[in-house]
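Work through the exercises below with the structure open beside you, and try each task before you read its solution.

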Amino acid sequence: MTLPNNCSMVRGRFCYLCGKVTEELVDNRCRECYLGGGRFLTLPERIEAQVCRNCHTYLKGGRWLPMGEGLEAVIKNAALDVVKENLRLEKVEAPEVRISVEEPKESSPTVYLVPCTVEVGGRVAGLEYSARQEAVVRVVLDLCQDCSRASGKYYEAILQVRGEGALGREERDKIHALVEEFMAQYARTDRKAFVSKFEALKEGFDFYMGSIQVARKVASALQERFGGAVGESPKLTGKDGHGKDVYRVAIVLRLPRFRKGDILGLGGEVYQLLGLTTGKATLFDLGARKRATMPVKGLREAEILGREDDIRRAMISEVAPERVQVMGLESLETIYFEGRFPVKVRDEVRIFRGAKDYLLRLEGEE
């Protein structure tokens with residue numbers, strides 16, 4: 001048996017703490033007194049952890065970190081981690097540590113108490129050693145900096161979506177859903193990917209966003225889907241704690257007058273707008289059933305006959321050599337279209353009903 005340099009073992013003496021006479025003393029104490037009393041395993045009397053009540057992250061080393069799924073799991077994981085951080089072992093060789101965490105108990109709406117037990121095994125001064133201590137971790141539910149900012153209407157950028165023409169209901173719903181989808185995607189890597197305020201306006205939307213970089217990404221993604229032009233207008237709002245200028249940026253996405261899917265009247269013909277690229281429009285002639293292209297400036301005289309909101313779903317109910325019959329899936333009304341079309345019974349198609357009914361471009365048509 002090897003003793004530490006500061007330990008001495010003598011025989012036939014009594015323990016100065018308990019008076020027990022024993023053949024072996026370590027630092028003038030018997031085995032029990034030397035190993036007992038929690039000298040080698042210590043935990044602070046008060047252990048506390050912070051968890052964000054909104055996003056369920058855990059404050060560790062000044063950073064808010066994910067600690068699992070669901071509030072209860074995060075509370076237990078936070079309690080386990082903070083016990084590990086505060087556990088102190090001295091002179092224990094080859095320690096084996098086991099920490100058990102019980103179910104959190106709600107003390108108040110913002111505080112949970114989590115009973116924990118620490119069991120340690122190993123050797124001290126060559127002697128077999130085991131110890132057990134209990135602690136109660138106080139887990140406080142608070143708001144992390146980013147959630148506090150979001151709830152406090154903090155923003156770095158306003159993403160303004162504006163339409164040159166009126167935005168239809170379906171188009172507005174689609175834009176709103178896409179913004180939510182993009183924000184959920186970016187939130188995985190950027191904690192400031194949140195919308196702190198939203199305003200629906202007659203001419204479009206205003207999204208107040210926590211991150212300038214994320215607002216730029218969303219504007220770019222919407223531009224890719226709908227076309228249009230993006231512009232920025234920064235505004236100095238003050239200085240941060242380090243004396244650095246702080247800006248808020250208005251990012252404006254101006255949607256074009258015409259959008260993909262529009263039904264247009266031009267020169268006595270009716271077209272379906274298939275796409276817009278820089279300077280060029282791709283259309284489908286619904287009368288001649290063929291694709292056409294023209295410069296965007298050639299659409300200046302075009303009339304918007306219908307938008308996405310005006311398109312209806314239908315199903316092919318009969319196919320004849322020179323005619324097809326469709327049934328509206330909402331109205332259940334039967335409509336006939338003259339001509340040969342690459343369809344079969346039960347195919348789903350889209351139709352536009354204006355001064356005249358039109359069967360929109362089908363798969364297989366140029």
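**Exercise 1.** Find out which side chain is joined to that of D81 by a polar contact, and at what distance.

*Solution.* In this predicted model, start from the side chain of D81 and look for its polar partner, which is K60, with a contact of 3.2 Å between the two side chains. Next, place D81 along the chain: the residue lies in helix α2, which covers residues 71-86. Finally, list what D81 touches when residues up to four places away in sequence are left out, and you obtain Y58, K60 and M67.

**Exercise 2.** Decide whether D81 is buried or exposed.

*Solution.* First take the cut-off, since a residue counts as buried when its relative accessible area is under 20%. Then take the value for D81, which is 15%, and therefore D81 is buried. As a last step, set this beside the whole chain, where 40% of the 366 residues count as buried.

**Exercise 3.** Compare the radius of gyration of the chain with that of a compact globule of 366 residues.

*Solution.* Begin with the expected value, which for a compact globule of 366 residues would be near 21 Å, and then read the value for the chain, which is 36 Å. Continue with the extent of the C-alpha trace, which spans about 120 × 55 × 40 Å along its principal axes. To complete the picture, turn to the secondary structure, which comes to five helices and 28 strands.

Methods
Residues are numbered from 1 along each chain as its sequence is written. This is a predicted model: local features need pLDDT of at least 70, side-chain atom pairs count only at pLDDT 80 or more; totals for chains, interfaces and linings use all residues. Side-chain values use heavy atoms; hydrogens and water are left out. Helices (H or I, at least four residues) and strands (E, at least two) are DSSP runs, numbered from the N terminus. The radius of gyration is taken over C-alpha atoms; the globule rule is 2.2 Å times the number of residues to the power 0.38. Buried means under 20% relative accessible area, exposed over 50%, partly exposed in between (1.4 Å probe, protein chains only). A polar contact is a pair of N or O atoms within 3.5 Å; within protein, one must be able to donate a hydrogen and the other to accept it, and residues adjacent in sequence count only if both atoms are side-chain atoms.
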